[in-house]
Amino acid sequence: MVGLLGVVAVMWAWEGRGVEVRRVRAVLGASAGSGGRPAGWRSGGARWWGFVRARPEWGCVIGGSVVGIVGASLLPVVLGACAVPGVARVRRARAARRARERRGDAVIRLCGLLAGEVRAGRQPGEALTVAAREPGAWPGAGSAAVVAAARFGGDVPRALRAAAGEPGTEGLQGLAVCWHVAVDRGAGLAAGLDRLAEALRAERDQRADLRAQLAGPWSTAVMLAGLPVLGLLLGSAMGARPLRVLLHTGPGIGCLVVGGVLEAAGMWWAVRIVRGAEEVG
C-alpha cells in the first residue's frame, strides 16, 4: 500500500501545474449539467486520458498497481515501473518505423508528381518547385533548400542528397541521380522518374509482404508469452491463490524472478529473429 500511495503522489505532483486553474474554476462555479462537480475535474480527466494515450507505457504502472492491490504486495508496482522504459523504447521504435514508411511514400509521390509536371511541359526546376509544394509530397526536412536550388539555378542534386539524410528518404538519392543525368546530359527525366518510382514501390511492397509473412510467427510468440498470465487466472479461478504463493513466499518469489528472466529472454530472442529476417529481406 505504501508503494501505491507513492505512485499516486507522483502522479498528483505531475498534475500540480494545473491545480490553481482548477481551484479558480471550482470557486467560480461548476458547469451546468455536471452534477455539482467543477468543470476542472473534467478537464483534468481529459488531460490524464491524453497523457495515457500519448504514453501507453505508463499502463504498466497502472496494471502493476492493480495486481499489487489484489495481491497485497509492493512487488508488482516495482516490476511495472521497471517495465516502463522497455515498453517506451518499443513504442518509439514503432513510431520511427511509421515515420520512415511515411517518408518513403512521400518520395514515391514526389517522383510521380514531378514526372507528371515534366510531361505537362514544365521545365525541370519549375516542375520540382510545383511538385514539392503539394501536400504529402515532401518526405522530410530540406524542402526549402531544394526548392531554392531549383528556382534559382543552384545545385539541385547536391541539395537532394543533403535532404536524403533521414530514414525513409533514401529515394531522394535516386532522384538526385536522375536529375543529374537528365538535366546535365539531356536524357528523359520523366522516364527515369517513372522507373525510380516503380523500383521504390516494388521495394515497399516487398517489405510489406515480408512483414505479413512474419506476422504469424510473431503472433505465436506473443501468445506463448501470455500463457503464464492465463495460468495465473486459471489458478485463481480454481482457488489455488497463486498470487499469494508468488508474492509472499520465498520459493514463489524465486520462481517469479526466474520466470520473468526467461520470459524477457524469450521475447528478446523472438524480436531478434524477426528483425534479422526483416533486415535480410
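Two residues are in contact when heavy atoms of theirs lie within 4.5 Å. With that in mind, the fold can be read from its contacts. Among contacts in the protein chain between residues at least 6 apart in sequence, 55% join residues at least 24 apart. The structure described here is a predicted model.

The secondary structure is quickly told: the chain has 13 helices and 0 strands. Read from the N terminus, the order of elements is therefore a run of α after α, as the pattern α-α-α-α-α-α-α-α-α-α-α-α-α shows. The chain counts 281 residues, and 30% of them are buried. About 17700 Å² of the chain is exposed, with carbon and sulfur atoms supplying 64% of that area.

The interior comes next. The largest nonpolar core holds 33 residues, and those touching the most other members are L114, L160, L172 and L175. Two or more residues of this core come from each of α5 (75-119), α6 (124-132), α7 (143-151), α8 (156-163), α9 (171-185) and α10. Helix α5 gives the largest share, 7 residues.

L160 offers a good place to look at the packing in detail. Leaving aside residues up to four places away in sequence, L160 touches W138, V146, L172, L175 and A176. Two of these partners, L172 and L175, were named above along with L160 as residues that touch the most other core members.

Which residues of α8 are buried? They are V156, P157, A159, L160 and A163. Seen down the axis of α8, these buried residues fall within an arc of 160°, so they line one face of the helix. R158 and A162, on the other side of α8, are exposed.

Charged side chains add another kind of link, and the structure holds 9 salt bridges. One of them joins the side chains of E166 and R103, at 3.6 Å from N to O. E166 sits in the loop between α8 and α9, whereas R103 belongs to helix α5, so this pair ties together parts that are 63 residues apart in sequence. Are the two partners buried or exposed? E166 is partly exposed, with a relative accessible area of 27%. R103 has a relative accessible area of 19% and is buried, because the cut-off for buried is under 20%.

A second salt bridge also involves helix α5. Here the side chains of R204 and D105 meet at 3.0 Å, N to O. With R204 in helix α10 and D105 in helix α5, the pair ties together parts that are 99 residues apart in sequence. R204 is partly exposed, at a relative accessible area of 29%, and D105 is partly exposed too, at 35% relative accessibility. R204 also forms a salt bridge with D205, at 3.8 Å from N to O. D205 counts as partly exposed, with 43% relative accessibility. Through these shared partners, D105, R204 and D205 are joined into one network.

Finally, the surface has a nonpolar feature of its own. M223, L224, L227, L230 and L234 form a nonpolar patch there, with about 490 Å² of accessible area together. At least two residues of the patch come from each of α10 (189-225) and α11 (227-237). L224 is a residue of helix α10, while α11 gives the most to the patch, with 3 residues. Helix α10 thus appears in several parts of this picture: it gives residues to the core, holds R204 and contributes to the surface patch.

Technical notes. Residues numbered from 1 in each chain as written. Predicted model: local features only at pLDDT ≥ 70, side-chain atom pairs only at ≥ 80, totals over all residues. Heavy atoms only, no water. Helix = DSSP H or I, 4+ residues; strand = E, 2+ residues; numbered from the N terminus. Buried < 20%, exposed > 50% of the residue type's maximum accessible area, 1.4 Å probe, protein only. Areas by Shrake-Rupley, 256 points an atom, 1.4 Å probe, with all protein chains shown as cover. Patch = residues over 30% accessible without salt bridge, like charges linked within 9 Å, V, L, I, M, F, W, Y side chains within 5 Å. Salt bridge = Lys/Arg side-chain N within 4 Å of Asp/Glu carboxyl O. Core = buried A, V, L, I, M, F, W, Y, C linked by side-chain atoms within 4.5 Å. Arc of directions from axis to C-beta.
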